[in-house]
Amino acid sequence: LGSSLFHKKGPYCASNSTVMLQYHALICRRLAPARRYISGTGNDYMGSLGSRRVSLGTSSASSESKALPSAAELAKVLMSESKASEDSERRELLQNQERANKERDELRRQVAELTADVHQLVKQLHAEGVGYRERVQRDGHRGLGANARSAWRPTLEIAARQPAHVSELGHESLAELAMQGNHNAHRERLIREIMCVDDCSWEEAHEVLAEMDCEKEKWYWAESAPYRIGIAGAITTGVFATLLVFCKPIAVWYGINVAGEDLPEGVKDINEMTTNQVGTWTWSWMEPMIGTASFVLLCCQFTRAQVLKMNMKPYGEYMLQWRANRVADRFPQYDRSMIRSWAKHMPRAGITFIPVYERQVGLKGPTSGL
């Protein structure tokens, strides 16, 4: 059809020109690669077609010189384009296959590593688990009871992995200890919170912890004053009460000048009496005072017990809550619950009543029992 339309001898008529224009438009739309090849001659041909719309008397020789290539040439161009497309698809397929092979090899390697890790973990769990340990039967014993097996003993490898500091424990173990009220667990959890917030190391987090400790113990002496007064008063009262009952010089002075009692009948000098006799003599006026003081303390103890049963807070709890809230307000960038749990702790004091603050114990921290 194309050969008969494009290479027809003689002058063109109007109907043939219209068919050729439609056929040329169809070829231009569907054969884009061919248009690049025939761009030179095609433009001339479009110009000739435009001129034929104005005048149909143009010579046939001029139209044949500006005609499109033959069907064989178009087929050749299409074959080359098709071959190039097939080569491109083949190269892309090979690249995808090579990429898939690499991914498969990497996946196999990861699966092998994961399998080895799982086997190692299972082996370690079996080694440390009570139910997976190998049972050793004792000689001369029958049955499977506890007396019929030998006690398990840890190996050197297991002993070398035991934790020596609270910082070697995991998050779950620390959380369980913290819920039980362990102060060292609260301290370690707060250190890890500081590490996460400030993006610092474990050692650097202790510097922030020292600042928190300064804020926590700012009013330590005022907070602990009732306890110190109570300790000093109890020791002083106990010593003086003992002296007033059994010490001869103090007993005779207090009995005559304060209590208004004379020496027992037939006794002219206190030195004639033994220590027990002095106690029997002084007990007549010391018993009401000691008995009343004991009853007052008993009432205070009973009151405190009822306060605790009603889930009310005594002075110590109120004081610790106040200092915990004060520290949490001073450092709002950290978790409030962790700070309050750590701050509700009084530092230990020596026999001289001098406290040992946490910032003074260094990286090891207070005694944790590990």
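Let me start with contacts across the chain. Take pairs of residues at least 6 apart in sequence: 54% of those contacts in the protein join residues at least 24 apart. Keep in mind that this is a predicted model. The protein has 370 residues, and 25% of them count as buried. It has 16 helices and zero strands.

First stop, helices α12 and α14. Helix α12 covers residues 225–246, and helix α14 covers residues 275–309. Their axes come within 6 Å and cross at roughly 130 degrees. That angle makes α12 oblique to α14, because an angle between 115 and 145 degrees is neither roughly perpendicular nor roughly antiparallel. What sort of residues make up this contact? By class, eight are nonpolar, three are polar and none is charged. On the α12 side we have A241, L244, V245 and F246. Facing them from α14 are T275, V278, G279, T282, W283, M286 and I290.

Let me pick out one of those, T282, in helix α14. Is T282 buried or exposed? T282 is buried, because its relative accessible area is 0%, and buried means under 20%. Which backbone atom sits by its side chain? The backbone oxygen of V245 does, 2.8 Å from a polar side-chain atom of T282. Leave aside neighbours within four places in sequence, and T282 is in contact with L244, V245 and A251. So V245 turns up twice for T282, through the polar pair and in the contact list, where contact means heavy atoms within 4.5 Å.

Next, helix α16, residues 336–343. Which of its residues are buried? They are M338, I339, W342 and A343. Those residues cover an arc of only 125 degrees around the axis, so they sit on the same side of α16. What covers them? The cover includes α9 (183–198), α10 (202–216) and α15 (315–330). At the N-terminal end, D335 caps α16. A side-chain oxygen of D335 lies 3.2 Å from the backbone nitrogen of S337.

Helix α9 gives us our next residue, R192. Buried or exposed, for an arginine here? R192 counts as buried, because its relative accessibility is 17% and the cut-off is under 20%. Not counting residues up to four places away in sequence, R192 touches V166, S167, L169, G170, H171 and L174.

Two more arginines, both in loops. R149 is found in the loop between α6 (71–128) and α7 (156–159). Its relative accessibility is 38%, so R149 counts as partly exposed. What does R149 contact, once neighbours within four places are set aside? The partners are R135, V136, Q137, R138 and L144. Take Q137, twelve residues away along the chain: the C-alpha atoms of R149 and Q137 are separated by 4.4 Å.

Then R161, in the loop between α7 and α8 (171–179). R161 also counts as partly exposed, because its relative accessibility is 39%. Which side chain makes a polar contact with the side chain of R161? That is E157, at 3.5 Å. Beyond residues up to four places away in sequence, R161 touches Q124 and E128.

To recap: α12 and α14 cross at roughly 130 degrees, with no charged residues in their contact. The buried residues of α16 lie on the same side of that helix. R192 is buried, whereas R149 is partly exposed, and R161 is partly exposed too.

Technical notes. Residues numbered from 1 in each chain as written. Predicted model: local features only at pLDDT ≥ 70, side-chain atom pairs only at ≥ 80, totals over all residues. Heavy atoms only, no water. Buried < 20%, exposed > 50% of the residue type's maximum accessible area, 1.4 Å probe, protein only. Helix = DSSP H or I, 4+ residues; strand = E, 2+ residues; numbered from the N terminus. Arc of directions from axis to C-beta. Polar contact = N/O pair within 3.5 Å; in protein donor to acceptor, adjacent residues only side chain to side chain. Axes fitted to C-alpha atoms, helices over the stretch in contact; angles between N-to-C directions. Parallel < 35°, antiparallel > 145°, perpendicular 65-115°, else oblique. Nonpolar A, V, L, I, M, F, W, Y, C, P; charged D, E, K, R; others polar.
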